[in-house]
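Here are my comments on the model you sent, set out as numbered points. Please read them with the structure open beside the text.

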Amino acid sequence: MATPNLWQRRIRPRDHIELFLKFVETDLELKPGAIEVLEALKAAGFPLAIATSTARVRALPRLERFDMLKYFDSITCGDEIENGKPAPDIFVESARRLGC
């Protein structure tokens, strides 16, 4: 469980990323029902994709941690596109990879 005051206490800007990454690696949990929804969508034949601004080197281990990679037909990460948010590039590329 996350340290209760982790996000309430004042932190120096340079520590913010380190604290966030520690939280993600140790305390991040799936929302209840997430796997069941993915299983149902996959069973119904829906193509599934992830479009995340997170770099692939960080995104894949998080998905692997929860054994979620098997549900997705395509994963597009922020380090694979030229223009990040707010440009729609990542979503356009994700749809292209799905054949849309």
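1. Helices and strands are taken here as DSSP runs, with at least four residues for a helix and at least two for a strand, and they are numbered from the N terminus. On that basis the chain of this predicted model has 4 helices and 2 strands, which follow one another along the sequence in the pattern α-α-β-α-β-α.

2. The two strands, β1 (residues 49-52) and β2 (residues 74-77), pair in the parallel sense over 4 bridges, and within this pairing Ala 49 stands opposite Ser 74 of β2. Together with helix α3 (residues 56-65), β1 and β2 form a β-α-β unit that is right-handed.

3. In a regular strand, side chains alternate between the two faces of the sheet. For β1, the covered face carries Ile 50 and Thr 52, whereas Ala 49 and Ala 51 belong to the uncovered face.

4. On the surface, Val 37, Leu 41 and Phe 46 make a nonpolar patch of about 260 Å². Val 37, which lies in helix α2 (residues 34-43), counts as partly exposed because its relative accessibility is 48%, and the range for that class runs between 20% and 50%.

5. For the chain as a whole, 22% of the 100 residues count as buried, and the exposed area comes to about 7,400 Å², with carbon and sulfur atoms supplying 57% of it. Among contacts between residues at least 6 apart in sequence, 57% join residues that are at least 24 apart.

Methods
Residues are numbered from 1 along each chain as its sequence is written. This is a predicted model: local features need pLDDT of at least 70, side-chain atom pairs count only at pLDDT 80 or more; totals for chains, interfaces and linings use all residues. Side-chain values use heavy atoms; hydrogens and water are left out. Patches are made of residues with over 30% relative accessible area and no salt bridge: like charges are joined within 9 Å, nonpolar side chains (Val, Leu, Ile, Met, Phe, Trp, Tyr) within 5 Å. Accessible areas come from the Shrake-Rupley method with a 1.4 Å probe; for residues, only the protein chains shown count as cover. A salt bridge is a side-chain nitrogen of Lys or Arg within 4 Å of a carboxyl oxygen of Asp or Glu. Buried means under 20% relative accessible area, exposed over 50%, partly exposed in between (1.4 Å probe, protein chains only). Two strands pair if DSSP finds at least two bridges between them. A crossover is right-handed if, with the strands pointing away from the viewer, the path from the first strand over the helix to the second runs clockwise. Contact means heavy atoms within 4.5 Å.
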